[in-house]
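Here is a short report on one protein model. It takes annotated sites, a ligand shell, a helix pair and a few single residues in turn.

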Amino acid sequence: MDGIKIKVKLINYTPRPLETITWAALISYWDEWESEVFERVTMDDVEKHLPKVLSYGHESILEHAVFTFAIEGISRVTSHQLVRHRLASYTQRSQRYIREELSREIEELFVIPESVSDKPKLYQRWKKMLEEAVRLYKESVECGVSCEDARYILPQGVRTKIVVTMNLRELKHFFGLRTCERAQWEINHVAWKMLEEIAKVEKLKPVIKWAKLGPRCIQLGYCPEKELMPEGCFKRTRERWNRIAGD
Ligand SMILES: Cc1cc2nc3c(=O)[nH]c(=O)nc-3n(C[C@H](O)[C@H](O)[C@H](O)COP(=O)(O)OP(=O)(O)OC[C@H]3O[C@@H](n4cnc5c(N)ncnc54)[C@H](O)[C@@H]3O)c2cc1C
């Protein structure tokens, strides 16, 4: 699985994110709310109010907490799918200003899907083609073509790095679509890794259950893609999600 070369790391997030969301929610229906209350919000308050408010569908409060991830080694196919999620901020490694480092192994430069790499003859032909693209890129730059123009020869599988900041509401939407088993394997891998990164922070873990951060079948309780749902998918997905969300 190429996923081993893909790195996903939760780098930063709003300080006291769950307290911030809870404090914001309280303004709606607590007459004595004031800004100073924020300092006094405890995790007990969070547990008392947040699951309830979220169960009412009051999801805009999730927008008050943002999360920043570093994602390395994904293909430009996947970074393009990622940036289609508009309610987020992105900064990506530039192919205009950075010359691709082409002395490395072809698998380090490009994501090659397993459906190809497990077919030896086909895999060799892919490698040959990618090596030729790399040679042409290099030669073009050596002939004075700028990196921004030479990159046109590089296939979409070329690896990239990207920093992503999403608020928790957009993360929920993103997880809904991309942790679904029917999403393409690479963005699916990235999305599950992002969810796992959140789960690693013990204090954040409960919000995965409260806000149902996961595929749409978890959020809705059924698969909206109905007849397109792969055999056994609902059970597999629920088990995988439960392992991450915990009890
Ligand atoms: C299985 C799958 C297949 C796909 N296939 C294709 C494809 O063939 N071709 C293609 O072009 N794309 C495809 N996409 C990408 C898809 O169309 C979306 O661009 C992508 O999933 C981003 O999600 P989004 O637009 O819901 O939400 P985001 O951009 O993440 O925004 C979140 C939500 O905010 C709201 N919102 C954001 N912007 C606006 C706006 N301008 N107006 C009104 N509401 C807004 C919407 O409610 C939206 O759902 C596919 C996605 C998936 C998951």
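S94 lies in the loop that runs between strand 3 (88-92) and helix 5 (106-109). The model is predicted. S94 has 11 other C-beta atoms within 10 Å, so it counts as exposed. R96 sits in the loop between strand 3 and helix 5. R96 is exposed because 10 other C-beta atoms lie within 10 Å. Leaving aside residues up to four places away in sequence, R96 touches C147 and E148.

**Annotated sites**

S94 and R96 belong to a UniProt feature. An unreviewed UniProt entry places a "binding site" at Q81, L82, V83, R84, Q92, R93, S94, Q95, R96, R151 and R178. These positions span 98 residues of sequence and are also spread in space, with up to 28.9 Å between C-alpha atoms.

UniProt also places a "binding site" (unreviewed entry) at S60, R84, H85, R86, Q92, N167, L168, R169 and H173. Here the spread is 114 residues in sequence and up to 27.6 Å in space between C-alpha atoms.

R84 and Q92 deserve a closer look. R84 is in the loop between helix 4 (76-83) and strand 3. R84 counts as exposed because it has 9 C-beta neighbours inside 10 Å. Q92 is placed in strand 3 itself. With 15 C-beta neighbours inside 10 Å, Q92 is partly exposed. Residues up to four places away in sequence aside, Q92 touches S79, T160 and I162.

Where does UniProt place the feature "active site"? The unreviewed entry puts it at R178. R178 is in helix 9 (residues 168-178). Is R178 buried or exposed? R178 is buried, because 23 other C-beta atoms lie within 10 Å; the cut-off for buried is 20 or more. Not counting residues up to four places away in sequence, R178 touches A183, I187, N188 and A191.

**The ligand shell**

Which residues are around the ligand? They are R84, H85, R86, L87, E170, H173, L177, R182 and A183. By class, this shell divides into 3 nonpolar, 2 polar and 4 charged residues. Among the shell residues is R84, which the UniProt record also lists under "binding site". A183 is another shell residue, and R178 touches A183.

**Helix 1 and helix 3**

Two packed helices are described by the angle between their axes and the distance between the axes. Helix 1 (residues 17-29) packs with helix 3 (residues 43-55) at an angle of about 65°. Their axes are 9 Å apart. The crossing of helix 1 and helix 3 is left-handed. On the helix 1 side, the contact is made by L18, E19, I21, T22, A25 and L26. They meet D45, V46, H49, L50 and V53 of helix 3. The residues of this contact comprise 7 nonpolar, 2 polar and 2 charged.

An α-helix has 3.6 residues a turn, so residues three or four places apart point the same way. In the contact, L18, I21, T22 and A25 are among the helix 1 residues.

Helix 1 has buried residues too: P17, L18, E19, I21, T22, W23 and A25. What covers these buried residues includes strand 1 (7-13), helix 2 (37-40), helix 3 and helix 11 (205-210).

**Single residues**

Phi of R16 is near 45°, a positive value in a residue other than glycine. R16 is in the loop between strand 1 and helix 1. Phi of K212 is also positive, near 55°, again in a residue other than glycine. K212 is in the loop between helix 11 and helix 12 (216-220).

K128 is found in helix 7 (residues 120-142). K128 and I106 are 22 residues apart in sequence. In space they are 9.4 Å apart, C-alpha to C-alpha.

The table gives the exposure of these three residues.

| Residue | Other C-beta atoms within 10 Å | Class |
|---|---|---|
| R16 | 17 C-beta atoms | partly exposed |
| K212 | 20 C-beta atoms | buried |
| K128 | 11 C-beta atoms | exposed |

Why does K212 count as buried? K212 has 20 C-beta neighbours inside 10 Å, and the cut-off for buried is 20 or more.

Terms used: Residues are numbered from 1 along each chain as its sequence is written. This is a predicted model: local features need pLDDT of at least 70, side-chain atom pairs count only at pLDDT 80 or more; totals for chains, interfaces and linings use all residues. Axes are lines fitted to C-alpha atoms, for helices over the stretch in contact, and angles run from 0 to 180 degrees between N-to-C directions. Helices (H or I, at least four residues) and strands (E, at least two) are DSSP runs, numbered from the N terminus. A crossing is left-handed if the near helix is turned anticlockwise from the far one by less than a right angle, and right-handed if clockwise. Two residues are in contact if their C-beta atoms, placed from the backbone, lie within 7 Å. Ala, Val, Leu, Ile, Met, Phe, Trp, Tyr, Cys and Pro count as nonpolar, Asp, Glu, Lys and Arg as charged, and the others, Gly among them, as polar. A residue is buried if 20 or more other C-beta atoms lie within 10 Å of its own, exposed if 12 or fewer, and partly exposed in between; C-beta atoms are placed from the backbone. A residue is near a molecule or strand if its C-beta atom, placed from the backbone, lies within 6 Å of it. UniProt positions are given in the numbering used here, feature names are shortened, and annotations may be inferred rather than shown by experiment.
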